[in-house]
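Here is a short tour of one sheet and the helices around it. Keep the 3D view open and follow along strand by strand.

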Amino acid sequence: LLCRESDGEILAGPLMYNHACSAAAVEQCRAMVPSPEHAAGAPTSTLAKAWEFILEGSAQPGSRLVHQADWLAGLLMSENGTPPGTDYHNALKLGYDIEALAWPEWLLAEERVAAMLPKSVVSPGATLGSVSAEASERLGLPTTCRVAAGTTDSIAAFLAAGTTEVGEAVTSLGSTMAIKMRSLVKVEDASFGVYSHRLGGEPVQWLVGGASNTGGTVLRKLFGDDAVKRLSSEIDPEVDSGLDYYPLPSRGQRFPICDETLEPRLEPRPESEAQFLHGVLEGMARIEAAGYDKLNELGAGNVRRVVTAGGGAKNPAWSRIRERLIGVPVEASTWTEACCGSALLAMR
């Protein structure tokens with residue numbers, strides 16, 4: 001979102017996480033970043049979205065870039081919804097330096113972007129303040145209720161999964177597919193849609209991963225939730241379908257291939273709907289496996305175990321297909337909803 005700082009009014013957006021920005025916005029973005037591998041240089045990055053707002057004329061004096069978590073915090077804390085700032089997980093793809101914990105000079109040097117940056121960046125889960133009197137009355141919360149800084153949805157899902165060891169990973173199977181793995185190595189390569197979030201600890205651990213456009217949206221578009229559940233029971237996950245699909249909801253992929261022109265591949269389509277679903281689930285599992293292979297290739301290390309969050313964790317046939325193709329144990333998270341991770345973060 002782009003909001004007016006003085007009163008929180010939305011001036012432009014929202015632009016979704018997978019919104020591929022215009023060629024002109026991406027060109028401006030990539031001219032700024034210090035290397036082609038930088039996470040902020042991706043076509044879907046927050047920095048590219050900032051340039052989208054600038055080039056379309058939406059950016060005004062006193063306007064600020066606002067992530068969804070920041071916007072909600074503003075509604076809870078302020079009578080006029082003024083956003084309080086952001087967290088360093090959400091700020092990553094805007095160019096925030098998560099090692100120095102500061103806005104880098106190359107970003108601040110571009111005055112049009114610098115003027116739009118969130119006014120403060122804090123650790124995810126840090127206390128921002130308390131709910132306002134208006135929010136207290138509307139939601140039935142005490143005015144002492146603490147408002148904590150947020151995180152991204154995929155990191156929240158990761159935290160809900162309860163992993164502890166380097167090499168353990170979480171795949172979030174929601175409308176899209178996001179993978180994150182614990183590593184001691186910070187890896188970034190925008191040409192493959194790979195980036196690292198700071199997890200913390202001593203030594204510092206990183207969440208290395210990426211987000212693919214494949215996922216639940218494809219399944220709902222092709223089958224619907226009820227049909228997926230019914231047809232999955234007819235699939236033998238130990239047998240290969242013989243189909244070579246690359247399931248995407250539309251043109252464009254973010255990870256492990258970053259190519260806004262990549263077309264989905266869903267032909268030939270067999271007469272059997274169960275066989276068709278079998279092929280689609282295998283295609284998604286191959287994308288996931290390729291994602292973990294890419295992380296290892298770039299230096300993050302081998303995946304040792306995958307925990308699944310999101311709605312896809314409830315499909316045992318898909319889980320077994322994924323286990324077979326990734327080659328490591330795959331299990332469901334105790335808590336499959338990202339909101340549980342947000343709650344655990346706030347409790348720290």
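A good place to start is strand β12 (residues 305-309): four of its five residues are buried, so this strand is largely enclosed by the rest of the structure. Please keep in mind that this is a predicted model. From β12 we can step outwards to its partner strands, then to the whole sheet, and finally to the helices.

**β12 and its partner strands**

- On one side, β12 pairs with strand β8 (residues 168-173) in the parallel sense, over five bridges.
- To find this pairing in your viewer, look for S172, whose bridge partner in β12 is A309.
- β12 also runs parallel to strand β13 (residues 330-332), and three bridges join the two.
- Two residue pairs mark this second pairing: V306 stands opposite V330 of β13, and T308 has A332 as its bridge partner.
- Between β12 and β13 the chain passes through helix α11 (residues 316-326), making a right-handed β-α-β crossover.
- As a general reminder while you look at side chains, those of a regular strand alternate between the two faces of the sheet.

**The sheet as a whole**

- Which strands make up the open sheet, and in what order? There are six, arranged as β10-β11-β9-β8-β12-β13, and their pairing is mixed.
- β10 (195-200) and β13 are the edge strands, each pairing on one side only.
- On average, neighbouring strands of this sheet are turned by 25° against each other, ignoring direction.

**Helices on the sheet**

- Helix α10 (residues 273-297) lies across four strands, namely β8, β9 (177-183), β11 (205-212) and β12, and runs at about 30° to β9.
- Helix α11, the crossover helix between β12 and β13, packs on the sheet and touches β8, β12 and β13.
- The direction of α11 makes about 150° with that of β13.

**Where α9 meets α10**

- Helix α9 (residues 225-232) packs against α10 at an angle of about 95°, and their axes are 9 Å apart.
- Angles from 65 to 115 degrees count as roughly perpendicular, and α9 and α10 are therefore roughly perpendicular to each other.
- Which residues meet here? V228, L231 and S232 come from α9, while E273, A274, L277 and L281 come from α10.
- Sorted by class, this contact has five nonpolar residues, one polar and one charged.

Methods
Residues are numbered from 1 along each chain as its sequence is written. This is a predicted model: local features need pLDDT of at least 70, side-chain atom pairs count only at pLDDT 80 or more; totals for chains, interfaces and linings use all residues. Side-chain values use heavy atoms; hydrogens and water are left out. Buried means under 20% relative accessible area, exposed over 50%, partly exposed in between (1.4 Å probe, protein chains only). Two strands pair if DSSP finds at least two bridges between them. A crossover is right-handed if, with the strands pointing away from the viewer, the path from the first strand over the helix to the second runs clockwise. Axes are lines fitted to C-alpha atoms, for helices over the stretch in contact, and angles run from 0 to 180 degrees between N-to-C directions. Contact means heavy atoms within 4.5 Å. Angles under 35 degrees count as roughly parallel, over 145 as roughly antiparallel, 65 to 115 as roughly perpendicular and the rest as oblique. Ala, Val, Leu, Ile, Met, Phe, Trp, Tyr, Cys and Pro count as nonpolar, Asp, Glu, Lys and Arg as charged, and the others, Gly among them, as polar.
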